[in-house]
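Subject: A structure for you to look at

Hello! Here is the structure I promised to send. Have a look at it first, and then read on for what turned up.

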Amino acid sequence: MLYPVMNLSRTTLEFSGIWKFRCISEMEVDKSQTKAWQNDYELLAVPAAYNDQKVEERIRDHYGYVLYQREITVPSALTSERLVLRFGSVTHHAIVYLNGYELGVHKGGFLPFEFEICEEELRESNILTVAVDNRVDYSTLPVGGNAPGGIFSGMFPSAVDIGHKERNYPNFDFFNYAGIMRPVVLYTTPEQYINDITVTYKVNGTKALLTVETDYIGDDDIIVTVMDESKSVSGKGEGIRAEIEIEHVHLWEPLHAYLYDVVVSAGKDSYSLPVGIRTVKVDGTSFLINNKPFYFKGYGKHEDSEFRGRGLDQVINVKDIALMKWQGANSFRTSHYPYSEEMMRLCDREGIVVIDEVPGVGVNLNFGSAKGKEPVDTFKVLKTHEHHNQVICDLIERDKNYACVVMWSVGNESDTATFPDSACEYYGPLINLARECDPQKRPVTLVGLMGSDYKTEKALLLADVVCLNRYYGWYLYGGELDLAKKALELEMQYWETTGKPVMFTEYGADTMIGVTSAVPVMFSEEYQVAYYEANHEILDKYSFFIGEQVWNFSDFQTEQGFNRVDGNKKGLFTRERRPKQAAHYFKDRWHKIPDFYAKENDRD
Ligand code: BDP
C-alpha cells in the first residue's frame with residue numbers, strides 16, 4: 001500500500017485540525033447521527049487520541065463508540081481525478097460515512113485503510129462522519145478481557161455480586177488510547193493509476209539487481225528509473241516486472257542510511273518510492289545485515305506522549321531518534337503494534353533498525369488472574385486467529401519496502417510454554433504466513449514471555465531469532481540481584497544448547513526519576529543502573545546473544561492499577577524525555593559496543 005504523496009500527478013489534502021466530537025452512550029451507531037450536527041458536540045483535535053484532550057472521566061474512560069464529524073470541500077479542479085479518502089489509523093474499529101452514506105468499515109487500530117470516492121457522491125460541502133469503537137475483547141488485537149481481572153479476582157464480594165460494569169478490561173499494559181490517531185488524507189490519482197510497488201533485490205559484490213514490480217491499474221507502458229541521492233540516474237527498466245542493475249551500489253547501513261528513489265511512471269501517473277538497499281539474514285547464531293553480524297542496541301517503545309496519547313506526534317518522533325543517537329542506540333521494536341508510516345519513513349532516512357510488530361498482544365489468559373488457578377489454554381479460548389492473519393498480511397503489505405525493517409514480530413508474550421502444542425498450532429501458521437507474505441523474506445520472530453518453564457517452549461523455536469522478555473531482578477528476584485544473576489545464567493545456559501540466536505526484547509525496572517538511594521533499592525535510579533549492570537554481567541558472556549532492547553525507551557501511560565504510579569516507569573527517559581541515571585549508563589555502554597562484530601571485539 002503506497003503512502004500518499006503530492007507530486008506532478010497526485011495531490012493530497014490533509015484534514016488535520018479541529019473536528020466536532022461526540023461521546024455516545026449507545027453501543028451501536030444510529031445513522032441519524034451522521035447528519036450535520038448543529039449542537040450537542042464538543043471540539044477536539046485530529047489526529048490524536050481523544051482520551052486526554054479534555055478533563056472529564058466520561059471521555060478519558062469512555063467505553064464504546066464516539067463520533068467525529070467535519071465538513072470537507074473538495075476543490076473542483078480535483079474532482080475529475082480519482083479520489084481516495086485515506087485514514088492512517090483509527091483505533092480500534094471505524095465506520096466512515098460521507099454525507100450519511102456508509103463508505104465502509106475497518107477493524108484494527110494501527111494500520112491504514114482507504115475508500116475510493118465517486119464524483120457523484122460529492123457536494124459543495126460534504127459531511128464526513130467517523131464512528132470509532134474502542135472496545136477490546138477476545139476477538140480483537142490487542143485482546144481485552146470481559147471481566148475485572150487482577151490478582152483479587154477470586155475474592156469477595158465478587159464481580160457477580162456487585163454487578164457487571166460496561167468498560168474495557170485491557171489484557172495489556174498500555175493505556176487503551178482511541179480515536180482518529182493518524183492523518184486523514186484525501187489524495188488524487190489519474191484515472192489509470194499505480195496501485196502498488198514492490199521492490200526486491202539481490203546484492204552481489206558491488207552490484208545490486210533490483211526487481212521492481214508495479215501493480216498498475218491501466219494499460220500504459222511502465223517506465224522505472226532509479227535515482228541516487230544526488231539525483232543521478234543509477235539504472236532504468238520497464239514493464240510490470242522491471243529488472244534493473246545498479247553498479248557500485250551504495251548500501252543502506254544502520255545509522256548510515258542511503259535511499260535511492262525508485263521512480264515509476266505509467267500513463268499520466270508517477271510515484272517516487274524511497275528505497276534503501278541492504279541484505280538481512282540469520283546465519284547460525286548471527287543476525288547479518290549486509291553480511292556482517294549486527295548487534296541490536298535499543299528499546300521497546302510505545303507511541304505515547306502527553307495530551308496526544310498514541311496520536312501521531314512528529315516532534316516526539318524526531319526527538320526520540322535524536323535521543324537514540326545520543327545514546328549510541330541503533331534499533332527499536334514497535335512494541336506492541338505497528339507504528340505510524342511517518343515514523344517508519346523517518347527510520348528509513350535516519351538509519352534506525354526496526355523490529356516491526358503486529359498488535360498481537362494480550363493473547364494470553366494466564367497473567368495475574370490465573371494465579372493459583374488451573375491455567376487456561378489461551379489458544380483454544382480466544383477468537384483472534386483470523387484477525388491475527390489479517391494484521392500480519394496488512395502490516396507486511398504496508399511496510400514491505402522499508403529498509404529499516406529487518407524482522408517481523410508476530411506477537412508479544414503469549415504464554416507459549418504452558419500449552420506448547422497449542423501455541424505451535426496457533427503461531428506456526430502465523431510465522432509461516434509472515435514468511436510467505438514478505439517479498440524480501442526477512443527473519444520472523446515471536447516475543448517470549450517470562451514465567452512458565454522455558455525448557456518446554458516449542459513455538460519460540462519456530463522463529464528465526466529467539467526474542468525474550470526477561471525481568472530477573474524485577475518481577476523475579478526483585479531486590480535480589482545476586483539471585484537474579486544466577487537464574488539468568490541458568491536460563492542462558494539452556495538457550496545456548498538450542499543453537500538459536502537469542503536477544504532480549506525487554507528487560508527493565510520501574511524507576512521514579514529523582515528517587516535516589518546510596519544503597520540501590522527498587523524504584524531508585526541507582527537500582528535501575530544496578531539491575532542493568534547485573535544483567536549485562538551475564539549476557540555479555542554469550543556470543544549467541546545478539547542484542548539488547550531495554551524496556552522501555554520512556555515512561556508511558558497505562559490503565560490505573562496498584563502497581564502503576566501514573567503509568568509504567570521503566571523508561572530510561574521520563575515521559576517528557578528527561579534522562580534518568582540509567583540513560584547515561586547506557587550512553588556510556590552503547591557508544592563502546594560497535595553495531596557490527598560486537599562479540600568479536602574487545603570492548604575496553
Ligand atoms: C511485559 C510486557 C509489556 C509490559 C512490561 C512491564 O510485554 O507490555 O509493559 O512487561 O510489565 O510483560 O513493564
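In the counts by class, Ala, Val, Leu, Ile, Met, Phe, Trp, Tyr, Cys and Pro are nonpolar, Asp, Glu, Lys and Arg are charged, and the others, Gly among them, are polar. The shell around the ligand holds four nonpolar, four polar and five charged residues. This is a predicted model, where local features need pLDDT of at least 70 and side-chain atom pairs pLDDT 80 or more, while totals for chains, interfaces and linings use all residues. Residues are numbered from 1 along each chain as its sequence is written, and side-chain values use heavy atoms, without hydrogens and water.

In all, 13 residues surround the ligand (a heavy atom within 4 Å of it), and D173, E413, Y475, E506 and K570 are the closest. Which side chains have a polar atom by an oxygen atom of the ligand? H336 has one at 2.7 Å, W551 at 3.1 Å, and Y471 has an N or O atom at 3.4 Å. The protein covers 90% of the 320 Å² of accessible area that the ligand has on its own (Shrake-Rupley method, 1.4 Å probe).

Now for a pocket: on a 1 Å grid over the protein atoms alone, this is an open set of points where a 1.4 Å probe fits, with protein on both sides within 12 Å along at least five of seven lines. The second largest pocket has a volume (the space filled by probe spheres set on the points) of about 480 Å³. Its lining (residues with an atom within 4 Å of a point) has 24 residues, with Y3, P274, R345, R349 and Y402 closest to the centre.

Conventions:
Polar contact = N/O pair within 3.5 Å; in protein donor to acceptor, adjacent residues only side chain to side chain.
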